[in-house]
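User: I am new to this structure and would like a close look at a single part of it. Please take one residue as the starting point and work outward from there.

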Amino acid sequence: YFSRDKAGNPEPLHNLSIQIDRTAPQAEVKTPRASYLYVMGRELIPLEGIDNAAVVIGPVPVEIYAVDGVSGIHEVRFFVEDTVQHIDNTTPYTWEWDETVVGPYNIDVEVENGAGDVVDRDIPVIVFNWNT
């Protein structure tokens, strides 16, 4: 591309490359893993009979592995009960949920790349945390 002034004089020719990102980012839940017991942030043992959720005693450590080879990762958003709890835009993408809660919850994570493509990851947890 180039431009001309009113007298018809052109400026030097310029080039611009544009990448189009048509793929969503890749995202994997690293922690907490389903069917594992966590105590005070440490993964202890696999659990039999609990197929879908992590059981967490104490704060819930959350780590997401996320990559996008074209436009990069813009941000990772962590939700509990449809409320944003934390936003991270640098690796490693982590958050620790440390509030007084007891019961089953679903932690939702949205990973957005630089082109605005979003992938969701759900992390079911059964939490026993008495934060004092």
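Leaving aside its neighbours within four places in sequence, which residues is V29 in contact with?

Analyst: This is a predicted model. Leaving aside neighbours within four places in sequence, V29 is in contact with E63, I64, R121 and I123. V29 itself is found in strand β1. With a relative accessible area of 25%, V29 is partly exposed, because buried means under 20% and exposed means over 50%.

One of these contacts, I64, leads further in. Not counting residues up to four places away in sequence, I64 touches A27, E28, V29 and K30, and also F78, Y93, V109, V111 and I123. I123 thus appears in both lists: V29 is in contact with I123, and I64 touches I123.

I64 also belongs to the largest nonpolar core, which has 24 residues. The residues with the most contacts inside this core are I64, V60, W97, I107, V109, V111 and V125. Two of them, V109 and V111, are touched by I64. The elements that give two or more residues to the core are β2, β4, β5 (60-67), β6, β8 (93-97), β9 and β10 (118-129).

Several of these elements also occur in a sheet. It is an open sheet of seven strands with mixed pairing, in the order β3-β2-β4-β10-β9-β6-β7. Its edge strands are β3 and β7 (83-88), each of which pairs on one side only. On average, neighbouring strands of this sheet are turned by 30 degrees against each other, direction ignored. Within the sheet, β2 and strand β4 (residues 54-57) run parallel and are joined by three bridges. Y38 has V56 in β4 as its bridge partner.

From V29 one can also look across to R77. These two residues are 48 apart along the chain, and their C-alpha atoms are separated by 13 Å. R77 is buried, with a relative accessible area of 11%. It forms a salt bridge with E112, in which the closest N and O atoms are 2.7 Å apart. R77 lies in strand β6 (residues 73-80) and E112 in strand β9 (residues 101-113), so this pair ties together parts that are 35 residues apart in sequence. Like R77, E112 is buried. Salt bridges that share partners join E75, R77, E110 and E112 into one network.

Within that network, the side chains of E75 and R77 also meet in a salt bridge, at 2.7 Å from N to O. E75 has 17% relative accessibility and therefore counts as buried, the limit being under 20%.

Elsewhere there is another charged pair. A search of the whole structure finds four salt bridges. One of them joins the side chains of E43 and R33, at 2.9 Å from N to O. This pair links distant parts of the chain: E43 is in strand β3 (residues 42-46), and R33 is in the loop between β1 (26-31) and β2 (36-39), 10 residues apart. E43 counts as partly exposed because its relative accessibility is 36%, and R33 counts as partly exposed at 35%. By contrast, R77 and E112 are buried.

Terms used. Residues are numbered from 1 along each chain as its sequence is written. This is a predicted model: local features need pLDDT of at least 70, side-chain atom pairs count only at pLDDT 80 or more; totals for chains, interfaces and linings use all residues. Side-chain values use heavy atoms; hydrogens and water are left out. Helices (H or I, at least four residues) and strands (E, at least two) are DSSP runs, numbered from the N terminus. Buried means under 20% relative accessible area, exposed over 50%, partly exposed in between (1.4 Å probe, protein chains only). Two strands pair if DSSP finds at least two bridges between them. Axes are lines fitted to C-alpha atoms, for helices over the stretch in contact, and angles run from 0 to 180 degrees between N-to-C directions. A nonpolar core is a set of buried Ala, Val, Leu, Ile, Met, Phe, Trp, Tyr and Cys residues joined through side-chain atoms within 4.5 Å. Contact means heavy atoms within 4.5 Å.
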